[in-house]
Amino acid sequence: MAQTSARAIVPVLASCGLVASFMQTLVVPLIPAFPRLLDASATDASWVVTVTLLAGAIITPVAGRLGDLYGKRRILLASLAVLVLGSVVSAVTSDLALMVVGRGLQGCAMGVIPLGISIMRDELPPEKVSGAVALMSATLGVGGAIGLPLAAIVAENADWHVLFWSAGALGVVCAALILRYVRESPVRTPAPFDYVGALGLVVGLTCLLLPIVKGSEWGWTSAGTLGSAAAAIVVLLAWGWYQLRRRDPLVDLRVSARRPVLFTNLASIMVGFSMYAMALSFPQLLQAPATTGYGLGQTMVQAGLCLAPNGLVMMALSPVSARLTNRYGARVTLMTGAVVIALGYVFAMVLMDNVAELITASVIIGAGVGIAYAAMPALIMGSVPVTETASANGLNSLMRSVGTSTSSAVMAALLANLTITVGAITVPSLAGFRTTFVVAAVAALIGLGLTALVPRVRAKTAAPEPAAV
């Protein structure tokens with residue numbers, strides 16, 4: 001069992017990461033049809049996407065902490081069980097409220113990625129840790145990119161509920177592989193779980209996203225919008241105060257306040273924001289009618305296939321990122337990824353006249369995301385104790401999820417408010433798409449600046465400290 005486990009642990013955990021991240025883009029091809037399918041407004045229907053990202057943002061530090069306390073394999077299996085439950089709930093309904101519940105449960109699978117990274121650090125030989133962690137981290141972007149064409153094919157050729165049955169089946173397969181090939185990690189941190197901290201995080205992040213999603217409908221200066229934003233600030237500040245004073249917090253903010261961890265996490269928000277902007281805007285641009293003058297008139301499946309190469313590039317570059325990290329340091333690698341992402345969006349702004357140009361832009365962005373995502377755990381794990389790797393990686397995944405969740409809300413708001421009407425169809429305008437590209441490029445450059453504030457280290461210590469494991 002031990003030899004089989006050591007040999008299979010990386011592909012098994014990486015496969016689970018791909019399935020978990022697939023949940024983020026599972027329904028993206030259906031976004032234009034959801035108001036009709038769920039009998040809801042476009043703003044309300046956007047929660048089918050946003051709630052998954054919100055749940056993923058909340059669950060990542062929670063799952064990481066639970067893994068440190070009760071066993072990473074056990075919590076990983078529990079995350080997959082919740083994914084299966086959410087898939088079944090979504091598969092049997094066409095009601096918006098139940099769909100949002102099911103999609104929220106599916107989002108809870110995002111805890112798989114920080115747990116998988118921590119299991120790799122605990123179980124693998126030192127020389128294999130760097131590459132394995134880079135691959136696992138990259139699955140956060142890869143799964144979503146590869147999932148787009150698969151989801152589009154299923155949605156176009158079968159009842160759309162089949163998407164959720166398929167997701168549930170993938171969750172069951174992943175759980176079986178974990179049971180067979182992954183043993184429980186012996187590294188634990190005995191302590192009580194911080195239920196109050198978990199509740200505060202749920203309330204704070206919900207209040208943060210609510211005005212972004214509903215602001216255009218409620219009015220940006222309405223009492224609901226301003227009240228939700230104010231509540232988010234108050235709750236998150238109170239949550240931080242409580243975490244600092246608790247002996248066994250959900251998130252150790254003192255560790256998180258270390259300069260390398262702090263600025264890596266802030267940069268992660270920006271990179272996550274930039275990454276998800278492509279997942280939302282590019283499919284809609286590809287599917288926009290050619291009669292608009294800028295739309296490329298692709299079918300749902302064609303649009304998904306156009307974006308598949310960027311996911312393959314992310315996967316291919318994860319070992320390249322590991323080698324860059326080992327040679328030049330994770331700081332330089334993350335900065336390189338941020339620059340490449342920004343260049344991809346600049347390319348899209350200038351050249352978006354045909355399918356080939358948009359595929360090229362998506363590949364450039366995917367390359368940057370693959371390099372950046374694979375470098376982040378190296379910076380984090382080099383700055384935290386081994387007993388806190390799961391919770392630290394969970395917090396880093398939280399920051400990425402905050403970025404993707406915010407991106408989902410912001411990009412949806414931009415594209416929903418900058419529109420034109422062609423015949424009986426209302427679609428995002430050219431100005432709307434270009435605005436999203438500008439915002440995403442600026443976010444990537446902000447990520448570059450934040451990474452530059454991470455202290456310089458020698459290249460040999462920049463990797464995720466494999467020699468110290």
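Here are a few notes on local packing in this predicted model.

1. Let's start with T93. You'll find T93 in the loop that links helix 5 (72-91) to helix 6 (96-107). Despite the loop setting, T93 counts as buried, because its relative accessibility is 6% and the cut-off for buried is under 20%. A polar atom of the T93 side chain sits 2.9 Å from the backbone nitrogen of D95. Setting aside residues up to four places away in sequence, T93 touches L98, M99, W160 and H161.

2. W160 turns up again among the aromatics. The model has 6 aromatic pairs, and one of them is W160 with F164, edge-to-face, at 6.2 Å centre to centre and 80° between the planes. W160 and F164 are both buried. Add F34 and you have one aromatic cluster: F34, W160 and F164. So if you're looking at T93, have a look at this cluster too, given the contact between T93 and W160.

3. Another aromatic pair worth a look is F193 with Y195. The ring centres of F193 and Y195 are 4.9 Å apart and the planes stand at 80°, so this pair is edge-to-face. Burial splits the two partners: F193 is buried at 10% relative accessibility, while Y195 is exposed at 62%.

4. Now E123, which is part of helix 7 (residues 112-123). E123 is an acidic residue that counts as buried, because its relative accessible area is 18% against a cut-off of under 20%. What does the side chain of E123 make a polar contact with? The side chain of R183, at 2.8 Å. Beyond its neighbours within four places in sequence, E123 is in contact with I9, R183, E184, S185 and P186. I9 is 114 residues from E123 along the chain, yet their C-alpha atoms are separated by 8.7 Å.

5. Last, a helix pair. Helix 15 (residues 330-350) and helix 18 (residues 430-452) pack with axes 8 Å apart and an angle of about 165°. Angles over 145 count as roughly antiparallel, and helix 15 and helix 18 are therefore roughly antiparallel. The crossing of helix 15 past helix 18 is left-handed. On the helix 15 side, the contact includes R331, L334, M335, A338, V339, I341 and A342, along with Y345, A348 and M349. Helix 18 contributes residues including R434, F437, V438, A440, A441, A444 and L445, with G447, L448, T451 and A452 also taking part.

Terms used
Residues numbered from 1 in each chain as written. Predicted model: local features only at pLDDT ≥ 70, side-chain atom pairs only at ≥ 80, totals over all residues. Heavy atoms only, no water. Helix = DSSP H or I, 4+ residues; strand = E, 2+ residues; numbered from the N terminus. Buried < 20%, exposed > 50% of the residue type's maximum accessible area, 1.4 Å probe, protein only. Polar contact = N/O pair within 3.5 Å; in protein donor to acceptor, adjacent residues only side chain to side chain. Contact = heavy atoms within 4.5 Å. Phe/Tyr/Trp six-rings, centres within 6.5 Å; stacked < 30°, edge-to-face > 60°. Axes fitted to C-alpha atoms, helices over the stretch in contact; angles between N-to-C directions. Parallel < 35°, antiparallel > 145°, perpendicular 65-115°, else oblique. Left-handed = near helix turned anticlockwise from the far one by under 90°.
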